Amino acid sequence: MSLELLKERFGHSGVTKEVDNKEKIHEKLSTRFTYKKDADNEEKIHEKLNAQFNDMGDFKNIKVQHQEQLDEKQRIIENFKIETSELANEVATLKKDKAVLLDNLNKSKWMEDKVHSTAKQIYEDKIKTMSYVDSTELIPLLISVSREKQGNTRLNWGNWLKISENKYLFQINESLAKRVFEDTNVLIDRAIGFINRKRTRGGDIVEAVDYVLTFTGDTAADAREDYVSTLFNPDSYDGAGTGLNAGFTVSYWVKPLEVTGDVFFAFGKRSQRDGRFEFGIKNKNKIKVGIGGASKDDNDDSHGMEVGTWYNFVVTYGGTWTFGDAQVRVYLNGTELLKTGASGGGMGTAAWVPGKQNCDEGCDDPANAASYLYFGGRSAFQDLDNPYNQGWACSLSEVAIYNVEKDEDGTFANEVYNAGWGYNHSGNSGLVGYWKFNEGSGTTIKDYGPYEKHGTLTSDAENGTGIPSWTKNESYE
């Protein structure tokens, strides 16, 4: 067999084919492994790129946050600018208002100086043309304007005189000016005290009064015939023959412990038939007020008083025919008691002439045991050694007596009643006797009036069994 045939059959072409096959396999393997390597490299590159882009994303986030912070700061700054502008506007407005106020104050001061100057000229002109001034309308005008300026501020004498009206009043009448100064401060003290009082009867605001004096009278089975004797003489309260027959006002609080039976007097005296000065009730419907020669016990409406209840009485008298209109008015808890057809209204008139007085001096009839005021009953002329009679079982307090008719229309009566139980009369003009009944112990009640006619707790010399008792005032009904 020829070589060619042998090659063809067994060798050369087969080897070449095998070689070719090997090369192809190698190429395939190279391609396969090269692709994987490249793929690995590509995956790594991709991871790197992702990592890089992620880092860039974080950087972007930081930048955004920084920008947001910058924007917030800018917003705050803008707000501060707005608030600063508004504050500046407010300051400017306040400055403007201040300027207006200063201008108004300057104008007000100018006006005040002008008014003061004009008022001064008016007062001085009036003073120059007056032959006497105490009986004119100038003094009341000065007092009224002065008190309005002073208001509720308590002043000492020096500061009080800085008020121009007070200075003019001092020039007119020095003693009167000092009296007005004292009275004004008393009124201010009372107003301040009124605010600080406690609330009691019917919601009224009243001063705390701890004690009252209680009497058993002379009619009940257990009566001790107890009373208080004083040296206050209604016919000569000053010891020089000056009597209350020229006009008076009486105020007192009483709590009845009996309202039926005989005549009962809370206090009074009757040294002569025409010299009455007595205050009480006739029975459960009628009052009993004696003034001079008159006995007022004919009121139209019942007084309506009940046992155990406090009542306020204010009685005024306009003076004898010589001095005044002789009018009698009686107010119970601020309401006037009336008599139909009474001359001049009210409870009518009463004649109490100077000749019917019992005086310490300065009159024909000397004072005697029946001339002085008794509390818890009255002193009577028929038994000069033992004048106590017609006692009243009652509690009594805050008896005030004035030498002027303070009330013709109920103003004073309502002032006392509305101020509450415990109204302070001290310092009021015209006050001549004032017993508060608030000692709480002992046998003396003090007279806070100018004449100091103190009272002594006692009992009837023949029949008495004890003195009046101090009662704790726990309820002002």
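**Exercise 1. How do the residues of the lining of the largest pocket divide into nonpolar, polar and charged?**

Before we start, a word on the model: this is a predicted model, in which local features need pLDDT of at least 70 and side-chain atom pairs count only at pLDDT 80 or more, while totals for chains, interfaces and linings use all residues. Residues are numbered from 1 along each chain as its sequence is written, and side-chain values use heavy atoms, with hydrogens and water left out.

*Solution.*

Step 1. Sort by residue type: Ala, Val, Leu, Ile, Met, Phe, Trp, Tyr, Cys and Pro count as nonpolar, Asp, Glu, Lys and Arg as charged, and the others, Gly among them, as polar.

Step 2. Count the lining of the largest pocket: 5 residues are nonpolar, 3 are polar and 6 are charged.

**Exercise 2. Describe the space and the lining of the largest pocket.**

*Solution.*

Step 1. Settle the term. On a 1 Å grid over the protein atoms alone, a pocket is an open set of points where a 1.4 Å probe fits, with protein on both sides within 12 Å along at least five of seven lines; lining residues have an atom within 4 Å of a point. Grid points are joined across faces, edges and corners, and a volume is the space filled by probe spheres set on the points.

Step 2. Read off the space: the largest pocket holds about 260 Å³. Its lining has 14 residues, and Arg147, Asp183, Lys406, Asn428 and Ser429 are the closest to the centre.

Step 3. Find the elements, where helices (H or I, at least four residues) and strands (E, at least two) are DSSP runs numbered from the N terminus. Helix 3 (138-150), helix 6 (174-195) and helix 7 (411-419) each give two or more residues to this lining. Helix 6 gives the most, with 5 residues.

**Exercise 3. Do the same for the second largest pocket.**

*Solution.*

Step 1. The second largest pocket has a volume of about 190 Å³. Among its 13 lining residues, Arg179, Asp183, Gly427, Asn428 and Leu431 are the closest to its centre.

Step 2. Helix 6 supplies the largest share of this lining, 4 residues. By type, the lining divides into 4 nonpolar, 6 polar and 3 charged residues.

**Exercise 4. Which residue forms a salt bridge with Lys269, and where do the two partners lie?**

*Solution.*

Step 1. Recall the principle: side chains of opposite charge can pair when their charged atoms come close. A salt bridge here is a side-chain nitrogen of Lys or Arg within 4 Å of a carboxyl oxygen of Asp or Glu.

Step 2. The partner of Lys269 is Asp235, with the closest N and O atoms 2.8 Å apart. Lys269 lies in strand 6 (residues 264-270) and Asp235 in the loop between strand 4 (226-230) and strand 5 (248-256), so the bridge ties together parts that are 34 residues apart in sequence.

Step 3. Check accessibility: buried means under 20% relative accessible area, exposed over 50%, and partly exposed in between (1.4 Å probe, protein chains only). Lys269 is buried, at 0%, and Asp235 is buried too, at 0%.

**Exercise 5. Locate the salt bridge between Lys178 and Glu174.**

*Solution.*

Step 1. The closest N and O atoms of Lys178 and Glu174 are 3.3 Å apart. Both residues sit in helix 6; because they are 4 residues apart, about one helical turn separates them.

Step 2. Lys178 is partly exposed at 37% relative accessibility, and Glu174 is partly exposed at 41%.
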